[in-house]
Structure formats: structure tokens, C-alpha cells
Amino acid sequence: MKKSTYLMVLLLLSLSCNQNDDTPQNDESTLHGSWSLTHILGGLAGVNDDFETGIIVWDFNDNDHTINITNNNTSNVIHSGYPSGVYNYEVITTANDTTLIIENTELKITSLTTHQLIIDEGYISDGFQYTFSK
């Protein structure tokens, strides 16, 4: 009887274990990594421009809180975002929203998923809305 109880407990323990239990799960979307600017909307001139993936890339580095922007746009548009360069950034999250601050410019993060990022300078300031894909 004692042996069968031990065997039953051992069987239950072995069946309840999962090989992936020790693998960290991170489904949370983050800015970290490369994002391609695909669309800009807004401004006083009513900008509504699409860009091919890879033309304008923002590479967020969470370790040193910098963005390396590569802007290879050569098309004739009014606004294509920030020029190429390295910028410092900060993210501030409150109960109501999340704000991305790039070199003292505040942009509201309106959407952040694993494959899409939308940031907005705000309509009140006649700002732009930037849409990115990963």
C-alpha cells in the first residue's frame, strides 16, 4: 500500500511538471528594438504620408535610454519625422497614459503592441501622429 501511494504521488508530480516552467515568459510589449516608421498624420499642413518599411527606422535601446534614428527618406514630403541621429528618451507612465519624452519633446504613446507603436504629439499643438511597425 505504501509503495502504491509513493508511486501515485511520483506519477502525479512528474505529470504536473512542464519543461517550459523555467523559461521566462515576457508577453509585455516594449519599445526596445527597431521600429519602422510607416505613417505620419497631422500638422498644420494636414500631412498624411506613408513610408516603406525600413526607410525610417527608430532603434530604441532600453539599456542606455537612447534612440538611434536612421532617416533615409528621399521622397518629397513636408515632414518625415526626426532627422538621423542619436536621441535620449524617457518613458513616464501614469494611471491615465504613457508619455515618451525625446529630448524634451513629449509624445503620448496611444498604442503599443508587439508589432505596432503609435505616438502622438497632440492635436492641440498641431502635432504629428507617428505609426511604426516592428
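**View 1. Ser34 and Asp59, a link between β1 and β3.** Look for Ser34: its bridge partner in β3 is Asp59. β1 and β3 run antiparallel here, paired over 4 bridges. (Two strands count as a pair if DSSP finds at least two bridges between them.) This is a predicted model: local features need a pLDDT of at least 70 and side-chain atom pairs need 80 or more, while totals for chains, interfaces and linings take in all residues. Numbering starts from 1 along each chain as its sequence is written, and side-chain values use heavy atoms, with hydrogens and water left out.

**View 2. The whole chain, for orientation.** How many helices and strands does the chain have? You should find 1 helix and 9 strands. (Helices, H or I of at least four residues, and strands, E of at least two, are DSSP runs numbered from the N terminus.) Start at the N terminus and you meet the α element, and then β after β to the end of the list: α-β-β-β-β-β-β-β-β-β. Of the 134 residues in the chain, 33% are buried. (Buried is under 20% relative accessible area, exposed is over 50%, and partly exposed lies in between, using a 1.4 Å probe and protein chains only.)

**View 3. The hairpin of β1 and β2.** Strand β1 covers residues 33-42 and is joined to β2 by 4 bridges, with the two running antiparallel. To spot one of the links, find Ile40, whose bridge partner in β2 is Asp49. The hairpin leaves 4 residues between its strands, and in that turn Gly43 has a positive phi of about 80 degrees. Leu44 sits in the loop between β1 and β2 as well. Is Leu44 buried or exposed? Leu44 is exposed, at 77% relative accessible area.

**View 4. Leu44 and Gly127, a long way along the chain but 7.9 Å apart in space.** Stay with Leu44 and look across to Gly127. In sequence, 83 residues separate the two, yet from C-alpha to C-alpha the gap is 7.9 Å.

**View 5. The two faces of β2.** In a regular strand, side chains alternate between the two faces of the sheet. Strand β2 takes in residues 47-50, so it makes a handy example: which of its residues are on the covered face? Val47 and Asp49 are on the covered face, whereas Asn48 and Asp50 are on the uncovered one. Asp49 is the residue you met as the bridge partner of Ile40.

**View 6. The hairpin of β3 and β4, with His65 in the loop.** β3 (56-61) and β4 (66-71) are the strands on either side of this loop. They pair in the antiparallel sense over 6 bridges. For a close look at one link, find Val57, whose bridge partner in β4 is Thr70. The hairpin has 4 residues between the strands. Most residues other than glycine have a negative phi. His65 goes the other way, with a positive phi near 55 degrees. Its side of the story is also about cover: His65 is partly exposed, with a relative accessible area of 42%.

**View 7. Asn104, another positive phi.** Which loop holds Asn104? Asn104 lies between β6 (98-102) and β7 (105-112). Asn104 is not a glycine, yet it has a positive phi of about 75 degrees. It is exposed too, at 76% relative accessible area.

**View 8. Strand β8 and its partners, β7 and β9.** β8 runs from residue 116 to residue 120, and 4 of its 5 residues are buried, so the rest of the structure largely encloses it. One partner is β7, which is joined to β8 by 4 bridges and runs antiparallel to it. Together β7 and β8 make a hairpin with 3 residues between them. Find Ser111 and you can step across to its bridge partner in β8, Ile118. The other partner shown is β9, residues 128-133, which pairs with β8 in the antiparallel sense over 5 bridges. Here the link to look for starts at Leu117, and its bridge partner in β9 is Phe132.
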